[in-house]
Amino acid sequence: MAKAKTLAEFQVKIADDGETATLHISDSEGGMLELQATREQLDVIADEIDRMLEATEEADEA
């Protein structure tokens, strides 16, 4: 597996239909990944981020 890169920028651009979006993910080495996602997929991503933040919240308070 390739070594993980460091996130430099993340953008979500909503499509005109309001049902899809384009994710733009840039790494610190100048690489760019562009993905199309549905509202349902974005909801799953948001839920996973929320779970991670909740699970690590205690570390922020220490």
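These notes walk through the fold, the surface and the charged pairs of a predicted model.

1. **Overall sheet.** The model is predicted, so every point below describes computed coordinates. Three strands make an open sheet, and their order is β1-β2-β3. The pairing is antiparallel. β1 (7–14) and β3 (32–38) are the edge strands, each pairing on one side only. From one strand to the next, the twist averages 20°.

2. **β1 against β2.** Strands β1 and β2 pair over seven bridges, in the antiparallel sense. For a point of register, look at Glu9: Ser26 of β2 stands opposite this residue. The two strands form a hairpin, with five residues between them. Gly18 sits in that turn and has a positive phi of about 75°.

3. **β2 against β3.** Strand β2 covers residues 20–27, and seven bridges join it to β3. These two strands also run antiparallel. Here the register can be read from Ile25, which stands opposite Leu33 in β3. Four residues lie between the strands of this hairpin. Gly30 takes a positive phi there, near 95°.

4. **Cover on β2.** How much of β2 is buried? Six of its eight residues are, so the strand is mostly covered. Asp27 belongs to strand β2. At 15% relative accessibility, Asp27 counts as buried, because the cut-off is under 20%.

5. **The helix.** Helix α1 spans residues 39–55 and packs on the sheet. Which strands does helix α1 touch? The contacts are with β2 and β3. The direction of the helix makes about 115° with that of β3.

6. **A salt bridge across the sequence.** The count of salt bridges comes to two. One of them joins the side chains of Lys5 and Asp27, at 3.8 Å from N to O. Lys5 lies in the segment before β1 and Asp27 in strand β2, so this pair ties together parts that are 22 residues apart in sequence. The partners differ in cover: Lys5 is exposed at 53% relative accessibility, whereas Asp27 is buried at 15%. As background, side chains of opposite charge can pair when their charged atoms come close.

7. **A salt bridge within the helix.** Arg51 and Glu48 form a salt bridge, and their closest N and O atoms are 2.6 Å apart. Both residues lie in helix α1. They are three residues apart, about one turn of the helix. Are these side chains buried, exposed or in between? Arg51 has 47% relative accessibility and counts as partly exposed. Glu48 is partly exposed too, with a relative accessible area of 44%. Both values fall in between the cut-offs of 20% and 50%, which is why neither residue is called buried or exposed.

8. **Nonpolar patch.** Which residues form the nonpolar patch on the surface? They are Leu7, Phe10, Val12 and Ile14. Together they have about 400 Å² of accessible area. Leu7 is found in strand β1. Leu7 has a relative accessible area of 55%, so it is exposed, the cut-off being over 50%. Ile14 lies in β1 as well. At 58% relative accessibility, Ile14 also counts as exposed. Recall that β1 is an edge strand, pairing on one side only.

9. **Ile14 and its surroundings.** Setting aside neighbours within four places in sequence, Ile14 is in contact with Thr20 and Ala21. Where does Ile14 stand relative to Ala37? The two are 23 residues apart along the chain, and their C-alpha atoms are separated by 9.6 Å.

10. **Met32 in the other edge strand.** Met32 is found in strand β3. Met32 has 53% relative accessibility and counts as exposed, because that value is over 50%. With neighbours within four places left aside, Met32 is in contact with His24, Ile25 and Ser26. Asp50 is 18 residues from Met32 along the chain, and 24 Å separate the C-alpha atoms of the pair.

Methods: Residues are numbered from 1 along each chain as its sequence is written. This is a predicted model: local features need pLDDT of at least 70, side-chain atom pairs count only at pLDDT 80 or more; totals for chains, interfaces and linings use all residues. Side-chain values use heavy atoms; hydrogens and water are left out. Two strands pair if DSSP finds at least two bridges between them. Axes are lines fitted to C-alpha atoms, for helices over the stretch in contact, and angles run from 0 to 180 degrees between N-to-C directions. Contact means heavy atoms within 4.5 Å. Patches are made of residues with over 30% relative accessible area and no salt bridge: like charges are joined within 9 Å, nonpolar side chains (Val, Leu, Ile, Met, Phe, Trp, Tyr) within 5 Å. Accessible areas come from the Shrake-Rupley method with a 1.4 Å probe; for residues, only the protein chains shown count as cover. A salt bridge is a side-chain nitrogen of Lys or Arg within 4 Å of a carboxyl oxygen of Asp or Glu. Buried means under 20% relative accessible area, exposed over 50%, partly exposed in between (1.4 Å probe, protein chains only).
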